[in-house]
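User: Could you take me through this structure in a series of questions and answers? I'd like the reasoning behind each value or name.

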Amino acid sequence: MNIIVCIKQVPGTSDVKIDEKTGSLIRDGMDAKMNPYDLYALETALQIGQETEAHVTVLSMGPPQVKEIIQEAFLMGDVDGVILTDRRLAGADCLATSYAISQCIQKIGLPDLIICGKQTTDGDTAQVGAEIAEFLHIPHITNVLKIEEMNANGMIVEADLPGMLQRSEIRFPALITVEKDIYQPRLPSFTRKKRLAGQPMQVFSVQDLADHDENHYGLNGSPTQVMRIFPPETDTTSEVWEGSSQDLAEKLFCALQERKFI
Amino acid sequence: MASIIIHQEKIKNPGDVLKVCPFGAIQYENGVLSISAACKMCKLCVKNGPVGAFELVEQPLVQIDKDAWRGIAVYVEHTHGEIHPVTFELIGKARELAAKIAHPVYAVFVGYQITSKAEELRHYGVDRIYVYDQPELEVFRAEPYAAAMEDFITALRPSTVLVGGTTVGRSLAPRVAAHFRTGLTADCTKLDMQPNTDLDQIRPAFGGNIMAHIRTRNHRPQFATVRYKIFSAPPRLQQPRGEIQVMYLDPERLRSGVRVLSIESKPVVENIENAEVIVAVGRGLRKEQDLELIRALAERLGGQIASTRPLIEAGWVDPRRQIGLSGRTVSPKLLITCGISGSVQFTAGMGAANFVVAINNDPQAHIFKVAHLGLVGDLYEIIPALLQQLGSGQPSQVQEHLKTVKSEVIG
């Protein structure tokens, strides 16, 4: 059995601000980490790997620095690493990202199971998993809470729907996105670190994909375009009080009373 | 078709231009500047770099015929025919947008034994309701539901499709958008319509305190998802209007690799989405035990507790109590935030709160810009003092209730 886990490198901080004069983004440093939700996807694959001796590959698309999170995955378990990196992928929206990843998965070979985290902490769209499944013409289930059973042909999972829990059987090849807490992610092992120093990873670019028309990738392949970015609007009617805690509590009490909350 | 090219000769100090890019995508190696795959095409280098050094080269694209796409469609979110209220909110917004360009509003209702339930949609001012009512569609599965949406879109060619940002909507919309290779913008907080039918979509972006204005300029239909309680539902019409049209899809096209074995209601938990009073807490809380302080205040005000993402990630608070873009959207009458700085991720989930009180010890915290009433101070001092006030002030309902019980016992 083969599993591919899609992981993403995200900013280590969400403290991004806009310089009002220049319109530039200000980031505190360039710290980056593995998307926290992807840790659950990777752990799910490793758990399945232990049960079924499945072969696990982690795949990430992004700038060359994404090798850092592939290395992090190496420290968590026995996995192969694949990177898709190319300047022509720059500025990709969800659709162009999903398309590139689906092309890369076909390059590696369609596995039995693809696992994604439920969303990223930077884009927060939760769209890429379902779009990859559509491009690969395979079934998908999002928000999987639990894997109940599995065999060579498919698995039984429990998924979160609005107000409902749905138990379903899904046939391989398939894609699932997993919820936080499906399994507790293991910590990276530093005894593995020595053993794995210099473990190679495969690096692909657009040229290696079956469809290498650059108009299908990056900004060119993105139907959505960011017209402008701006700081959020703020309500100017706000009032800010300072003073001793006792005074503030008293004033707040009166304000709540005035508005009939107490 | 666009790319950024660098005119090396116009750059005097190559080392200095590296910091023009907030994503670190400009590289300087062996005396040559280049742009790496970290580029997000934000074009800030063109704007803020040395004059003429970075050039955006755009090839004219073949324009699609936007007039061939008419109408704004709303996907009807439901459980066994019970329509989710986000649907009415989207219909209200769709009517507003459609009025600007004189387009019709459609509702697409996919399920089994639901045709009779479609009647309710006629009370919200939809021009036409398209119903796919087949046994294969009894419960939500992404592929067959996507097949029904694809059939509808191919037949009606709507210009815009709005979908509720629920777990179902966020599983369905991307599948359909990818099928048509078109744009989908998740979790929009504002929508507007251009005369040329381009949808203006505004959503928080880049994982921080930034809003992005997004358009799908040359693809149709244009998809957007919107969370529950972002827009308001229009009043229910006394006189129903709009016609219901039942569609039929060849069961061959409704095949799926997923077989649903069982479906059950989730155990009912207190739901912060419907709470009238919420006390929310963030990273200003020092340890898990201190949640008791927040609980006491919430209880005293007859409300519920909620939190920001870091406390959920720390495992201190149930994930269903998270307010924000990756959590829930709330619309309480009173929201008190304690030790919350107020990132856009968080404030996106509290936009509908009537009265927001913020307690934070950092006077620069962004939360003070969005709160109606800000208290600069230590939550560990203000809340106990407030609780004391509450104790000695007018009796709460609980105490009132206890009094009655007591007097009954005594009496």
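User: What is the relative accessible area of Arg170(B)?

Analyst: Arg170(B) falls in the buried class, where buried means under 20% relative accessible area, exposed over 50% and partly exposed in between, with a 1.4 Å probe and protein chains only. Keep in mind that this is a predicted model, where local features need pLDDT of at least 70 and side-chain atom pairs count only at pLDDT 80 or more, whereas totals for chains, interfaces and linings use all residues. Residues are numbered from 1 along each chain as its sequence is written, chains are lettered from A and ligands numbered from 1 in the order in which they are written, and side-chain values use heavy atoms, with hydrogens and water left out. For Arg170(B), the relative accessible area is 10%.

User: With which side chain does the side chain of Arg170(B) make a polar contact?

Analyst: Arg170(B) sits in helix H5 (residues 169-179) of chain B; helices (H or I, at least four residues) and strands (E, at least two) are DSSP runs, numbered from the N terminus. Beyond four places in sequence, Arg170(B) touches residues of both chains, including Asp124(A), Thr125(A), Asp187(B) and Arg227(B), where contact means heavy atoms within 4.5 Å. A polar contact is a pair of N or O atoms within 3.5 Å; within protein, one must be able to donate a hydrogen and the other to accept it, and residues adjacent in sequence count only if both atoms are side-chain atoms. Here the distance is 3.5 Å, and the partner is the side chain of Gln119(A).

User: What is the relative accessibility of Leu248(A)?

Analyst: Leu248(A) lies in helix H6 (residues 245-258) of chain A. Leaving out residues up to four places away in sequence, Leu248(A) touches Trp241(A), Glu242(A) and Gly243(A), and across in chain B also Leu375(B), Val376(B) and Ile382(B). Leu248(A) counts as buried, at 1%.

User: Which residues of chain A does Val260(B) touch?

Analyst: Val260(B) belongs to strand S17 (residues 258-265) of chain B and is partly exposed, at 22% relative accessibility. Within chain B, and not counting residues up to four places away in sequence, Val260(B) touches Val139(B), Phe140(B) and Arg141(B). From chain A, Val260(B) touches Gln166(A), Arg167(A) and Ser168(A).

User: How many disulfides are found over all chains?

Analyst: A disulfide is a pair of cysteine sulfur atoms within 2.5 Å. The sulfur of Cys116(A), a buried residue at 6%, is 4.1 Å from the closest cysteine sulfur, in Cys6(A), and therefore too far for a bond. Cys254(A) is in no disulfide either, since the nearest cysteine sulfur, in Cys338(B), is 18 Å away. Over all chains, the number of disulfides is zero.

User: Which helix gives the most residues to the largest nonpolar core?

Analyst: A nonpolar core is a set of buried Ala, Val, Leu, Ile, Met, Phe, Trp, Tyr and Cys residues joined through side-chain atoms within 4.5 Å. The largest has 38 residues, of which Ile3(A), Val5(A), Leu42(A) and Ile115(A) touch the most other members. With six residues, the top contributor is helix H1 (residues 36-52) of chain A.

User: How far apart are the end C-alpha atoms of helix H3 of chain B?

Analyst: The expected span of a helix is 1.5 Å times one less than its number of residues. Helix H3 (residues 85-101) of chain B has 17 residues, so 24 Å is expected. Because 12 of those 17 residues are buried, H3(B) is largely enclosed by the rest of the structure. The end C-alpha atoms agree with the expected span, at 25 Å.

User: What is the phi of the residue that follows H3(B)?

Analyst: That residue is Ala102(B), in the loop between H3 and strand S8 (105-111) of chain B. Ala102(B) is exposed, at 58% relative accessibility. Its phi is positive in a residue other than glycine, near 50°.

User: Which peptide bond in chain B is cis, with omega near -10°?

Analyst: Look in the loop between strand S14 (210-216) and strand S15 (222-226) of chain B, where Pro221(B) is placed. Chain A offers a cis peptide bond too, joining Phe172(A) and Pro173(A) with omega about -5°. In chain B, the cis bond runs from Arg220(B) to Pro221(B).
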